[in-house]
Amino acid sequence: MQLKSALTGISGLRYMVDKLDIKSGLGHRVLLASTFLVSQKDVLYQLQQVAQAVDAFNRSEHKETFDKVAIKLSQVRDIAGTIKNIQKHLTLNDIELFEVKSFTLLANEIRELTPSVEFLHSKLPNLDKVIAILDPENTRIPSFYINSAFAPELTELRKKLASVEFSIEDLEKTNTDSNKQYQQSEEIRAKITEIEDGVRQNLSEQLHGFASELNEALVAVANIDILIAKAKQAIYERLIMPEIVADTTSYSGLFYPQLKELLELEKRRYQPIDVEIHKGTCLITGANMAGKTVLLKTLALSQALCQYGFFVPAASAKIALVEQILFSIADEQSELSGLSSYAAEMLKVNQIVQMAKKQHPLLVLIDELARTTNPTEGRAIVSAVANLLNDCNVKAVITTHYSGLSTQCRKLRVKGFIEDSKDATITVKNIGDYIDYSLIDDDGTNVPHEALRIAQILGVDADVISEASRLMETNSNKH
């Protein structure tokens, strides 16, 4: 899947892409066309490139170089279409010839700026021969005009044309017949056009021999733009290079950048999470507002960032690669016309199950499975899906608020309200500051009952809270 397609599916990915300081439209196009990498070799290469860029960017002696390169990158135009015309043996027009000349000059200037940053410098081919074709006078000016350097006979023809046109002006002032001079002018113009067309054809034929070098340079310039942007983002957002592993994915200090920035702007607490994802199914329980959905989004985002060649939002990370990220998240569900939310969810989960049965390595993330059906059937569905996925070649994380599930898969729960917060003044605005979002093993013997407390904090009618508490106590006594 190309990155541009993943932007609408992976929550938070567009935010990360939009924050990249890419200087050129070329860089944006190449970035959005980048593919989800599944080969460890390919992922490591991309990540190591970013690591080299981070290291270079952090060195003070390279600051001036990067500043100058940024200016050059902002001037680069995407000439992919022109290069295709060259490859097709088409004759370029003056605008296309100008685009090629301008690009090659900028690419060579970037190459000349970066000898001290070898991994960037080595990406760019030397385009001196292309420049010599389009700039025979070696002016290094990024304009294009067919002058006498391309065809010496043009000098005399253009002088002759100017002389004839002056004579036409003089004859018209005296009302003298100038038809002969007009005919002469047209003949000279036709000859000039014929020569200019020949020059364009000749230049295009010469450029055809350098089409591969131009393509290589185009990709290199785009990748330099992208690498520098990824490196800057990694530094400013405090992202890290993950270790690529074969089995268990694990994070220390995992965070969701968009939410972290929002909370920090509001001077509120953000709690990173430590989590391990083993092969099989992991069930995560916890009350609403306990951060379960955000956790799933963060796992999807981090996996996607890694496999699109970005650093990831964590203090440390070990990531096992997958072929696809499959998810069913409530607030991002594509509701099907005419179907209930439950039916839409089940169709989505069925797609996930069918893919998982093929035994491809997948990351499966399902939020509040069967949340809209009755608890008895809901527990059965969650347990059934968890058991099935547990036997597939997937890493599955399913969140639920159901307790007492009959499945032998790994179970975690969000710790919940901080113990010493009972006497605190908790409001809708600060409730997150009093929840411990860390994950702990859940053996099912100590199920937290926090929904009523949250409802009370949210201002739900006291009679509702009181009646619900009474019913809970009655049911507890029955059992």
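**Salt bridges, surface and confidence in a predicted model**

Because Lys68 and Glu64 stand four residues apart in helix H5 (residues 63–74), about one helical turn separates the two. The two residues form a salt bridge, and their closest N and O atoms are 3.1 Å apart. Lys68 is partly exposed, since its relative accessible area is 38%. This pair is a handy place to begin a tour of the structure, which is a predicted model.

A word on confidence comes next. The chain has a mean pLDDT of 88, and 89% of its residues reach 70 or more. Over residues 332–338, however, the pLDDT is below 50, although this stretch has 15 contacts in the model beyond near neighbours in sequence. Any reading of that stretch is best taken with its pLDDT in mind.

The overall build of the chain can be described in a few figures. Its secondary structure comes to 18 helices and 10 strands. The chain has 479 residues, of which 46% count as buried. Among contacts with a separation of 6 or more, 75% are accounted for by residues 24 or more positions apart. The accessible surface comes to about 24400 Å², and carbon and sulfur atoms hold 50% of that area.

Charged pairs deserve a closer look. Side chains of opposite charge can pair when their charged atoms come close. A search of the whole structure finds 21 salt bridges. One of them joins the side chains of Lys19 and Glu261, with an N to O distance of 3.2 Å. This pair links distant parts of the chain, 242 residues apart: Lys19 sits in the loop between helix H2 (13–18) and helix H3 (25–32), while Glu261 belongs to helix H13 (residues 257–265). Both partners have some access to the surface: Lys19 counts as partly exposed at 36% relative accessibility, and Glu261 is partly exposed as well, with a relative accessible area of 29%.

A further salt bridge brings together the side chains of Glu345 and Arg371, at 2.9 Å from N to O. Glu345 lies in helix H15 (residues 341–357) and Arg371 in the loop between strand E7 (362–366) and helix H16 (375–390), so the salt bridge ties together parts that are 26 residues apart in sequence. Here the partners differ in their surroundings: Glu345 counts as buried because its relative accessibility is 0%, whereas Arg371, at 22%, counts as partly exposed. Elsewhere, salt bridges that share partners join Asp94, Arg158, Glu196, Asp197 and Arg200 into one network.

Cysteines offer another point of interest. The structure holds zero disulfides. Cys306 has a relative accessible area of 0% and is therefore buried. Cys392 also counts as buried, because its relative accessibility is 4%.

The last feature lies at the surface. Leu458, Val460 and Val464 form a nonpolar patch there, and together they have about 230 Å² of accessible area. Within this patch, Val460 is found in the loop between helix H17 (451–457) and helix H18 (462–478). Val460 counts as partly exposed because its relative accessibility is 35%, a value that also passes the cut-off of over 30% used for patches.

Note on methods:
Residues are numbered from 1 along each chain as its sequence is written. This is a predicted model: local features need pLDDT of at least 70, side-chain atom pairs count only at pLDDT 80 or more; totals for chains, interfaces and linings use all residues. Side-chain values use heavy atoms; hydrogens and water are left out. Patches are made of residues with over 30% relative accessible area and no salt bridge: like charges are joined within 9 Å, nonpolar side chains (Val, Leu, Ile, Met, Phe, Trp, Tyr) within 5 Å. Accessible areas come from the Shrake-Rupley method with a 1.4 Å probe; for residues, only the protein chains shown count as cover. A salt bridge is a side-chain nitrogen of Lys or Arg within 4 Å of a carboxyl oxygen of Asp or Glu. Buried means under 20% relative accessible area, exposed over 50%, partly exposed in between (1.4 Å probe, protein chains only). pLDDT is the predictor's confidence in each residue, from 0 to 100. Contact means heavy atoms within 4.5 Å. A disulfide is a pair of cysteine sulfur atoms within 2.5 Å.
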